[in-house]
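Here are some short exercises to work through with the model open in front of you. Try each task yourself, then read the solution.

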Amino acid sequence: MSPAPSRPRIRPWLVVGDLALAAAWVCAGALVKLFVYGGLGLAGRPEAEAVKVSLSIVYMFLFAWLEAASGGASYNPLTVLAAALASHGGPAVYLFTAFARIPAQVIGAVLGVKLIQLTFPNVGKGARLSVGAHHGALAEGLATFMVVMVSVTLKKKEMKSFFMKTWITSMWKNTIHILSSDITGGIMNPASAFAWAYARGDHTTFDHLLVYWLAPLQATLLGVWAVTYLTKPKKI
């Protein structure tokens, strides 16, 4: 008889890893834009998006390696929330995720934005909502739902190839980001969205809370439930 699968354990050191990765993530995204628009001078040119996507895939591989090397640290609250829900770790894992890991990611993202703005004052103000709050919530929620479904499916399939898993995830995220970038910025990361909104001073508005927090969190719950339901073995 095969041994029963072990329940997920609470690993306190992940809080430090979450904070560091969240700070590095917002800095990486800002540096890519500075390099493409400023260093290469491609602002307003069609090839700028292709260069940005290519560079983003490179640092997505880097962050995927850092996540694996750190034992599960992450820069995105939706990633750790989806993992906690999909693993059925129990109330302790959920509480640790909600009250320790996600706040650490938010703090790390804020520190990252402050650092990049201090180093490069012309870095910009981050993505902004260009439509109504309810339209934006629908777009951000749908984008998150699609990304979460692919990520959780790959995890449940236990794909062994690190390269293929990261390649599929990064290409899918970039595709969804491009499709939703003109509406909400295609962030799909409440910590990063909060950090830039905090720097602008509009992090407590109804639009921000609805579009970048409530909609993605609900979409994550729905995405995990959908994958769990669709991949559940049928009873005979």
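**Exercise 1.** Where in helix 8 does the kink lie, and what is its angle?

*Solution.* Keep in mind that you're looking at a predicted model. Follow helix 8 until you reach Leu214: the helix kinks there by about 30 degrees. Read on a little and you meet the proline Pro216, which comes shortly after the kink.

Now check the length. Helix 8 covers residues 206–230, which is 25 residues. At 1.5 Å a residue, that should give a span of 36 Å. The C-alpha atoms at its ends are 34 Å apart, so the two values agree.

**Exercise 2.** Do the same for helix 4: what span should it have, and where is its kink centred?

*Solution.* Start with the count: helix 4 runs over residues 91–119, so 29 residues at 1.5 Å each should span 42 Å. Its end C-alpha atoms lie 41 Å apart, which agrees. Then look for the bend: a kink of about 35 degrees is centred on Thr97.

**Exercise 3.** Describe how helix 3 meets helix 8.

*Solution.* To describe two packed helices, you give the angle and the distance between their axes. Here the axes come within 10 Å and cross at roughly 35 degrees. The crossing is right-handed. Next, name the residues: Leu78, Leu81, Ala82, Leu85 and Ala86 of helix 3 meet Pro216, Leu217, Thr220, Leu221 and Val224 of helix 8. Sorted by class, that's nine nonpolar residues, one polar and no charged ones.

**Exercise 4.** Which residues does Arg128 touch, leaving out those up to four places away in sequence?

*Solution.* First find Arg128 in the loop between helix 4 and helix 5. Then list its partners: Ile183, Thr184, Arg200, Asp202 and Tyr212.

Conventions:
Residues numbered from 1 in each chain as written. Predicted model: local features only at pLDDT ≥ 70, side-chain atom pairs only at ≥ 80, totals over all residues. Heavy atoms only, no water. Helix = DSSP H or I, 4+ residues; strand = E, 2+ residues; numbered from the N terminus. Expected span 1.5 Å × (residues − 1). Bend = angle between axes of the 7 residues up to and from the residue. Axes fitted to C-alpha atoms, helices over the stretch in contact; angles between N-to-C directions. Left-handed = near helix turned anticlockwise from the far one by under 90°. Contact = heavy atoms within 4.5 Å. Nonpolar A, V, L, I, M, F, W, Y, C, P; charged D, E, K, R; others polar.
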